[in-house]
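Work through the exercises below with the sequence and the structure side by side. Each one sets a task and is followed by a solution in steps.

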Amino acid sequence: MNDCILRALTGDGAVRAFSAVTTNMVEQARTTHFLSPTMTAALGRTLTACAMMGCMLKNDDESISIQIDGHGPGGRIITLSDSSANVKGYADNPACELPLKNGKLDVGGAVGKDGFLGIVRDYGMKECYTGKVELVSGEIGDDLAQYFAQSEQVPSVVALGVLVDTDCSVKAAGGLIVQVLPNATDEHITALENMIAQLPPITTIISGGGTAEDILARAFASFDSYTFETLETKYKCDCSRDRIKRAVASLGKKEITDIINTQGSAELTCHFCNTKYTLSKDELEELIG
Ligand SMILES: [Zn+2]
């Protein structure tokens, strides 16, 4: 089954939802970064949320980033999505592993909760911080719900899940974001509260063969009608030799001259996909020119 995100709206226009199956994307993140099971869940949940938020963007050239720094042993988590839900991300300490907590991967323990979750929007040219909230639990779903409520004043349900198999591969991953729009009534909110109380873990639905449509059907079970569109999502890094050269060029003439004098060439690794780029002495000199 391919990864996908459904972008949906109830017939009365009062509630919108995004449901996602991201098993392949999270597995690719795991193998790219050699993630421990706990960090597979931590980065996988963040990537899944980021992809759904990419589907909220209005213009093609916009992108969105989730940046979490809870001062836990897993370090910072950074993810980015473009408006086509191509995502990439990394964690500072991909190998961090903690004992299970209540039989579950201890994502909150690895992320920590002494810090912030920030959302950065990029409108093509310039970066813009849209919000920063204190972490609630470091479990990411709760923290993001807090962000939507506080920074965007949009009451939201955020459910994210990553199920890691006994061989450490990703068995199921996905998510659901449900948002109450300004024309919603108390009845809508009560219906959603009942839905959440009965919603099984997202990964239970997916590992049982359920699709993004099945997740959406549960979320909108109490609504008469809804429409949705299906979007593809995947782990994709857009780094290139040119991009790396531009980054090095921005270091300035003095810094680059220092690199030439001390190391001769420069070896750089992309944080997001671990591709290594070596810039020769000639290439570095060209950048100064
Ligand atoms: Zn890359």
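A20 counts as buried, at 0% relative accessibility, where buried means under 20% relative accessible area, exposed means over 50% and partly exposed lies in between, with a 1.4 Å probe and protein chains only. The model is predicted, so that local features need pLDDT of at least 70 and side-chain atom pairs count only at pLDDT 80 or more, while totals for chains, interfaces and linings use all residues. Residues are numbered from 1 along each chain as its sequence is written, and side-chain values use heavy atoms, with hydrogens and water left out.

**Exercise 1. Describe the surroundings of A20 and of S65.**

Step 1. Place A20: this residue is found in strand β2 (residues 15-21), where strands (E, at least two residues) and helices (H or I, at least four) are DSSP runs numbered from the N terminus.

Step 2. List the contacts, a contact being heavy atoms within 4.5 Å. Leaving aside neighbours within four places in sequence, A20 is in contact with C4, I5, T48, M52, A173, G174, G175, I206 and I215. The C-alpha atoms of A20 and D3 are separated by 7.4 Å, although the two residues are 17 residues apart along the chain.

Step 3. Turn to S65, which is found in strand β3 (residues 62-69) and is buried, with a relative accessible area of 6%. Not counting residues up to four places away in sequence, S65 touches I78, T79, L80, G118, I119 and V120.

Step 4. Add the side-chain pairing: the side chain of S65 makes a polar contact with that of Q67, at 3.2 Å. A polar contact is a pair of N or O atoms within 3.5 Å; within protein, one must be able to donate a hydrogen and the other to accept it, and residues adjacent in sequence count only if both atoms are side-chain atoms.

**Exercise 2. Characterise the interface between domain 1 and domain 2.**

Step 1. Fix the bounds: domain 1 covers 4-235 and domain 2 covers 241-288, as given by an automatic or database domain assignment. Their centres, taken over C-alpha atoms, are 35 Å apart.

Step 2. Count the contacting residues, which are eight in domain 1 and five in domain 2.

Step 3. Give the area. The two domains bury about 530 Å² between them, with carbon and sulfur atoms giving 62% of this; buried area is the accessible area (1.4 Å probe) that two parts lose on being put together, summed over both. T32, K88 and Y90 supply 67% of the area that domain 1 buries against domain 2, more than any other three residues.

Step 4. Look at the pairings across the interface. The rule finds zero salt bridges between the domains, a salt bridge being a side-chain nitrogen of Lys or Arg within 4 Å of a carboxyl oxygen of Asp or Glu, whereas three residue pairs, both members at pLDDT 80 or more, are in polar contact.

Step 5. Assign the domain 1 side to its elements: α1 (23-33), β4 (77-82) and β5 (86-91) each supply at least two residues, and β5 gives the most, with three.

**Exercise 3. Which parts of the chain does the salt bridge between D238 and K88 tie together?**

Step 1. Check the distance: the closest N and O atoms of D238 and K88 are 2.7 Å apart.

Step 2. Locate the partners. D238 lies in the loop between β11 (234-235) and α8 (241-249) and K88 in strand β5, so the pair ties together parts that are 150 residues apart in sequence.

Step 3. Compare accessibility: D238 counts as partly exposed, at 42% relative accessibility, and K88 as buried, at 10%.

Step 4. Extend the picture, noting that salt bridges sharing partners join K88, D238 and R243 into one network.

**Exercise 4. Set the K245–E283 pair beside the K234–E232 pair.**

Step 1. For K245 and E283, the closest N and O atoms are 3.5 Å apart. K245 is in helix α8 and E283 in helix α10 (residues 281-288), 38 residues apart, and both residues are buried.

Step 2. For K234 and E232, the corresponding separation is 3.8 Å. K234 is partly exposed, with a relative accessible area of 35%, while E232 is exposed, with 56%.

Step 3. Put both in context: the count by this rule comes to eleven salt bridges.
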